[in-house]
Amino acid sequence: MNICVAQLSVLKGNIESNIAEHINLIYAAIEHGASAIFFPELSITGYEPELAQDLAFEKDDIRLDVFHELSDTNNIVMGVGLPT
C-alpha cells in the first residue's frame, strides 16, 4: 500500500479554490501509484477554526461528490479535512 500525506497551501474560507487544490493533489497521488491520500484538518476551509461553524459541511454536501467520484473511479482512499 502506498500512502500519500498531503501538505498544501490553501486560501482562508475559499472552499472552491481549496477543493480544486485538493483535486490537483489527488491526481498527482494517483499518478504516483498511491492507494490512499490524507489531507490536514480543516484544509478545505483554510485552517480557520473560528470560521469552522459557518463553513461546516453536512454529510451529504454535493461539494463532496467530486471526492466520492475520484475515490470510486480510481480506487483510492482519501481523508479530506473539513468541519462538520
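**View 1. A salt bridge joins the side chains of R63 and D61.** In this predicted model, the side chains of R63 and D61 come together with a distance of 2.7 Å from N to O, and the structure as a whole holds 1 salt bridge. The two partners can also be described by how much of each is left uncovered: R63 has a relative accessible area of 35% and is therefore partly exposed, whereas D61, with a relative accessible area of 15%, is buried, because buried means under 20% relative accessible area.

**View 2. S43 is a buried residue in a loop.** The loop that holds S43 runs between strand β2, residues 36–38, and helix α2, residues 52–55. S43 counts as buried because its relative accessibility is 0%. When its neighbours within four places in sequence are left aside, the residues in contact with S43 are L8, V10, N18, H22 and G81. A further pair to look for in this view is S43 and L11, which stand 32 residues apart along the chain, while their C-alpha atoms are separated by 9.0 Å.

**View 3. Acidic residues form a negative surface patch.** The patch is made up of E58, D60, D65, E69 and D72, and a reader may wish to find each of these residues in turn on the surface of the model. One of them, E69, is found in helix α3, which covers residues 65–74.

Key. Residues numbered from 1 in each chain as written. Predicted model: local features only at pLDDT ≥ 70, side-chain atom pairs only at ≥ 80, totals over all residues. Heavy atoms only, no water. Patch = residues over 30% accessible without salt bridge, like charges linked within 9 Å, V, L, I, M, F, W, Y side chains within 5 Å. Areas by Shrake-Rupley, 256 points an atom, 1.4 Å probe, with all protein chains shown as cover. Salt bridge = Lys/Arg side-chain N within 4 Å of Asp/Glu carboxyl O. Lys, Arg positive; Asp, Glu negative; His and termini not counted. Charge placed at Lys NZ, Arg CZ, Asp CG, Glu CD. Helix = DSSP H or I, 4+ residues; strand = E, 2+ residues; numbered from the N terminus. Buried < 20%, exposed > 50% of the residue type's maximum accessible area, 1.4 Å probe, protein only. Contact = heavy atoms within 4.5 Å.
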